[in-house]
Amino acid sequence: MFDISHTLINKLVLHVIRRPDVSPDWDIMDLVLGILYDQIHESFTLSTTWENFTHGGKFSSQDDWAKGRTAYTEPDEEHSLWALQLKIRDPYISRRRWVYNIGLRRMAADSAMLHYAKCCYDHMAGSINEPKPITPSRDSLLDPIFYNNYIQCMCGKEVLPTAPIELCHTSMPNFLDILKDELRTIPIILITCTWLLSPEVIQDFLLGNVVIYWCDDSSVVMHLNSILPQNLYTPWNSVHVFVPICSDKVYHPVYTYEDIQRMGSNAFHDGLQQAYCRSLRAEDQRNFIDVNEVYRCRDRVYINTLLARYQKSSEEISELNKLIDTLKAENQSLNEQMQVINTQKTNMEITEYESLLSDTMAELDMLKNGISALSVRLYSSMGIGFQPDETEQVPLLQELQHAIYASLACANSRR
């Protein structure tokens, strides 16, 4: 996720939900992005269009002192991913860059996971000098997320406290609920040496990464120890860290007064920052959303779309091939039928022609016979007493006989 040359300064993994009294028409993504949009513009004087900020694009300040890019994708209909990367030049150290990675994963219309990491990068290529030390300072970029009137951050089932809570008899039930909450992902720090360590100071630089409780009443701590099992025992004048409970064998660190004195208050503060602000758990690192992860997710969505399109096209091609095979079989069957029909038709025509030819030949024979007989009659009678044969079967011969008879009759009358 991060370049190995980057030093993690602060991280946050927050479950953010829409407040119950806010209209359900407001989507959690729009609410959080609106807060980030205003905060980044105010903090770094970076301006860009809302469309460019929410749906992916690049922007920078006029002097290139700050540059940013965003990415957005929708893996499915319910979830969506958004990420921002900011690169800010340090105003005092020319080789130093501050890199901010902010990611947002929409879980539902009223729920999202916010990932945040602030890193420092010192460009030391070509330099023989030691990098300048990083001066600790409070990271306030995401403060509006904690104190907004439209959203709230959650610690498991409870709202994430933004101020230290005094552990007393009245707050004991709430403390136990948070402690035993299986959905809790951040540790609880119980401070019983408030005269040595300020809960407000620790809460200030660990905001969002821990829940701070403090107690200056030993009877309350004794009552707590009587309720909890032995592995959760809290000594007086100590700092007890209750990590998320996932099994009975989880180790919950305890730092006694002697340990803190030996380390020194400032070193102990730095140790808490190192443990809970400057380190990412393996699970958080795997699930962290940054611009590159959004790009990879968008590529996976595109690949899945292409695969689905390819699968659909393959099925359509398979169906068309089946249809082609069916049509080929039908065409073959029709061709065979056509051949049979053509053969039958040819045979029928030949038979008809043969029958017609036979009838014609028979008529021709009859006509020849009739002409021969007529000739014999004419020569035998020399035209005298010639009479047409009314019983002649050939109509043409009947007409011919009538014509001859008429001619002979006309010739006789002229004599």
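How much accessible surface does the protein have, and what share of it belongs to carbon and sulfur atoms? About 25000 Å² in total, with 53% belonging to those two kinds of atom. Keep in mind that this is a predicted model. Here are my notes.

1. Overall shape. The C-alpha trace spans about 175 × 55 × 45 Å along the principal axes. The radius of gyration is 52 Å, whereas a compact globule of 415 residues would come out near 22 Å.

2. What it's built from. I get 11 helices and 13 strands. Of the 415 residues, 37% are buried. Taking contacts with a separation of 6 or more, 59% are between residues 24 or more positions apart.

3. Helix H4. This one covers residues 172-180, and its buried residues are Met172, Phe175, Leu176, Ile178 and Leu179. Looking down the H4 axis, the buried residues stay within an arc of 165°, so they line one face of the helix.

4. What sits over that face. Several elements cover the buried residues of H4. Among them are strands E7 (151-155) and E8 (158-159), followed by E10 (188-191) and E11 (211-214). Helix H6 (218-227) and strand E12 (238-242) also belong to the cover.

5. A nonpolar patch on the surface. Have a look at Leu320, Leu323, Ile324 and Leu327: together they make a nonpolar surface patch of about 360 Å². As for where to find it, Leu320 lies in helix H10, which runs over residues 291-381.

Methods. Residues numbered from 1 in each chain as written. Predicted model: local features only at pLDDT ≥ 70, side-chain atom pairs only at ≥ 80, totals over all residues. Heavy atoms only, no water. Patch = residues over 30% accessible without salt bridge, like charges linked within 9 Å, V, L, I, M, F, W, Y side chains within 5 Å. Areas by Shrake-Rupley, 256 points an atom, 1.4 Å probe, with all protein chains shown as cover. Salt bridge = Lys/Arg side-chain N within 4 Å of Asp/Glu carboxyl O. Helix = DSSP H or I, 4+ residues; strand = E, 2+ residues; numbered from the N terminus. Buried < 20%, exposed > 50% of the residue type's maximum accessible area, 1.4 Å probe, protein only. Arc of directions from axis to C-beta. Contact = heavy atoms within 4.5 Å. Rg over C-alpha atoms; globule rule 2.2 N^0.38 Å.
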